[in-house]
Number of protein chains: 2
Amino acid sequence: MEKENITIYDVAREAGVSMATVSRVVNGNSNVKQATKDKVLAVIDRLDYRPNAVARGLASKKTTTVGVIIPDVTDMFFSELARGVDDVASMYHYNIILANSDDSGTKELQVLENLLAKQVDGIIYMGNGLRDKLRDQFSHTNVPIVLAGGVDEKNQIPTVNIDYAAATKDAVTKLINNGHKQIAFISGSLQQAINQNYRLQGYKAALEEAGIAFDEALVFETQYTYNAGFELANELYGTDATAAFVGADELAAGILNGLTDRGVDVPNDFEIITSINTKLTQITRPQLTSISIPMYDMGAVAMRMLTKLMGKENIENGRLSLPYGIISRQTTR
Amino acid sequence: MEKENITIYDVAREAGVSMATVSRVVNGNSNVKQATKDKVLAVIDRLDYRPNAVARGLASKKTTTVGVIIPDVTDMFFSELARGVDDVASMYHYNIILANSDDSGTKELQVLENLLAKQVDGIIYMGNGLRDKLRDQFSHTNVPIVLAGGVDEKNQIPTVNIDYAAATKDAVTKLINNGHKQIAFISGSLQQAINQNYRLQGYKAALEEAGIAFDEALVFETQYTYNAGFELANELYGTDATAAFVGADELAAGILNGLTDRGVDVPNDFEIITSINTKLTQITRPQLTSISIPMYDMGAVAMRMLTKLMGKENIENGRLSLPYGIISRQTTR
DNA sequence: CTGTTAGCGCCTTCAA
DNA sequence: TTGAAGGCGCTAACAG
């Protein structure tokens, strides 16, 4: 019902040349006479020959495939990163194997194992931290790896992100400048390096600079979900906080709506700054003021860096901090 | 700086058996004495041997990899589908190669070509229609393909989705039952089969059943973006429509906010039903009434169906219509 | 239960 | 500029 898989050998025979020659024209090798090249190309076209990437991968030890470890594709932050990665990857003729890890230590390890077994030429890692075991595995392989959007406290792995600590500090400072002294810090798990070692540090730095004492009671650790935020609004209502820095948009939306439902007037009674600037920020009413993170660009730049690493090019700088901003909308005065 | 790649041959030598035996234990083949199996396993562990999936793929003609053609990972509808696909895929030990197509005919064709070159064992196709050229290519390959979340007007390809026409009809009927006679139909491009041949048909069917004349002026074709919706609110304001069926959530959110900003009271002056039930529907104020689509499940079921096809199992039914619902929230009375 | 022997389809020296 | 030949690492008969 279908023609058998046609191979480089078939093309060689039909074209009256050796398979080596076919291989050369397929790979754009220079040393082929134009005439024979045309002849081969014609046969390739006629036979509808399609090189087998698996065989090619085995022989050349290059698969033109990169692995992407992502906590969850349905998370807008990560899906934007992934899009940037894929666009640049396809630009350089790479495909990506996408694997969800749920940010789970064991799954990550397992996914990495799969990826390496599949002989990916490189890996883009996304996550909210970098566990020691994984870091360990990373150092045991010579497949190049780049962190996209995440943080590496130990500065060992090529990384593309923004300065989360500085961004957080800026956001909190903005709140302070608006007259607030009781500012809540709301994020996901403080087990995650990005929250514990960067965002929280930026928050503290802002307070310190303003001479405001750090108050443990204003630090809230929760899930990155709308409902978690909606419920947290209750708790918040019981504190003397008058503003909040929030680590994720969906969470912020929940807090905003929860507060509003309780009759709190945002931004007049309470101000909020969130951290990602996903589409959500424009959809809520009032619209969310937010740190703006160039997610797509981080993904794209990380992938670009990876192509260099895979090509054994020298990386001038393996730790790129992209510019961020703060977009004022309606949850701040 | 790193130990050379260790192969099945190294393991065989160290364990004092043939590579065939090692292959057997690695592949869980039954015919191996427990003693030698243990011995081999020990060596594998000691040497930290990891089977090369590329070589395995070449020899066995199976890559345990499936290709996923997706319009855009950052679209919540598709990313949920993709998550369902990946979860089931990994459950069956498959990896997925994710490729964005932007729903573009040429990109799709090109992506398909790549996927086939990489010898994927199967393909999950996502899109808002199925162009003839692509359908053509699909029929020229014997790699199994399943459509996830999309529609195939010609009923040729295994598909998992919901009955979009019926769902739309239900939604519009709900609006009619609430007393509306001028109901706008707002969707993305009518070039797309899903809109032209299913949603619009469902809309017309509802009108007809209620004896309401179809009015071309109430059909709006636009982009699936928040801003498109926000601007469309203007146009809508100029018509005599008192309710709207909207084909996507982000678009609906734009319309809702645009209308609200113009002083229209939703749902009292205007009712809206949207189509996907993404998280957005709970975040807008008022919250959006919506058709609920089991996106994750569609992806999961599609992938499950694909595993059967790849395993040459018989598919009892290649066209699965999953149940949907309508969730009443605050944009309808 | 285990070993031998061919390939799988292509790349890549090495010669010619 | 082109061809011959030897792998890449593993699976899959086929023997024994």
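## Where the two chains pair

A:I96 stands opposite B:L98 in β2(B), and this is a good place to start in this predicted model. Three bridges join β2(A) to β2 (residues 95-100) of chain B, and the strands run antiparallel. Strands here are DSSP E runs of at least two residues, and helices are H or I runs of at least four, numbered from the N terminus; two strands pair if DSSP finds at least two bridges between them.

## The protein interface

Chain A and chain B bring 51 residues each to the contact (heavy atoms within 4.5 Å). Ten salt bridges are counted between the chains (a side-chain nitrogen of Lys or Arg within 4 Å of a carboxyl oxygen of Asp or Glu). One of them links B:R83 with A:D102, at 2.2 Å from N to O. On the side of chain A that touches chain B, β2(A) gives the largest share, six residues.

## Around DNA strand D

Now to the DNA: 26 residues surround strand D, and A:T21, A:R24, A:T36, B:I8 and B:Y49 come nearest (near means a heavy atom within 4 Å). Sugar and phosphate make up 61% of the strand D atoms that come within 4 Å of the protein.

Phosphate oxygens of strand D lie 2.9 Å from a polar backbone atom of A:S18 and 3.0 Å from a side-chain N or O atom of B:R56.

## How to read the numbers

Residues are numbered from 1 along each chain as its sequence is written, while chains are lettered from A and ligands numbered from 1 in written order. Local features need pLDDT of at least 70 and side-chain atom pairs pLDDT 80 or more, whereas totals for chains, interfaces and linings use all residues, and side-chain values use heavy atoms, without hydrogens and water.

Technical notes:
A polar contact is a pair of N or O atoms within 3.5 Å; within protein, one must be able to donate a hydrogen and the other to accept it, and residues adjacent in sequence count only if both atoms are side-chain atoms.
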